[in-house]
Amino acid sequence: MAIVINLDVMLAKRKMQSKELVEILGITPANLSILKTGKAKAIRFATLEAICEALDCQPGDILEYKSDI
């Protein structure tokens, strides 16, 4: 997978638990887990925007491109 999701890194930097983020975003813990583990095939811009607002960060702080080569 070329896109890496650094959501756990941002949660640690903001000293926030997954449970807190789930409550803020209004998503299920299972959906957050899918994002954190990189198993998500897509993410809605509205969800990305809400995550960035909750963690006071930019999309590039969460999403990273790494070449498979």
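**A walk through a predicted protein model**

The protein has five helices and two strands, where helices (H or I, at least four residues) and strands (E, at least two) are DSSP runs numbered from the N terminus. This is a predicted model, in which local features need pLDDT of at least 70 and side-chain atom pairs count only at pLDDT 80 or more, while totals for chains, interfaces and linings use all residues. Residues are numbered from 1 along each chain as its sequence is written, and side-chain values use heavy atoms, with hydrogens and water left out.

Read along the sequence, these elements follow the pattern β-α-α-α-α-α-β. The C-alpha trace spans about 40 × 20 × 20 Å along the principal axes of the protein. For 69 residues, a compact globule would have a radius of gyration near 11 Å, and the protein agrees with this because its own value is 11 Å; the radius is taken over C-alpha atoms, and the globule rule is 2.2 Å times the number of residues to the power 0.38.

Contact here means heavy atoms within 4.5 Å. Among the contacts in the protein with a separation of 6 or more, 68% are accounted for by residues 24 or more positions apart. Buried residues make up 28% of the 69 residues, where buried means under 20% relative accessible area, exposed over 50%, and partly exposed in between (1.4 Å probe, protein chains only).

Asparagine 6 offers a place to look at burial, since it is found in the loop between strand S1 (3–5) and helix H1 (7–13). Asparagine 6 has a relative accessible area of 16% and is therefore buried. Leaving aside neighbours within four places in sequence, asparagine 6 is in contact with Asp61, Ile62 and Glu64.

Further along the chain, helix H2 (residues 18–25) and H3 pack at an angle of about 115°, with their axes 10 Å apart; axes are lines fitted to C-alpha atoms, for helices over the stretch in contact, and angles run from 0 to 180 degrees between N-to-C directions. To this packing H2 contributes Ser18, Leu21 and Val22, and H3 contributes Pro29, Leu32 and Lys36. These residues divide into four nonpolar, one polar and one charged, given that Ala, Val, Leu, Ile, Met, Phe, Trp, Tyr, Cys and Pro count as nonpolar, Asp, Glu, Lys and Arg as charged, and the others, Gly among them, as polar.

Isoleucine 34 also lies in helix H3 (residues 29–36). Its relative accessibility is 37%, so isoleucine 34 counts as partly exposed. Beyond its neighbours within four places in sequence, isoleucine 34 is in contact with Lys39 and Ala40.
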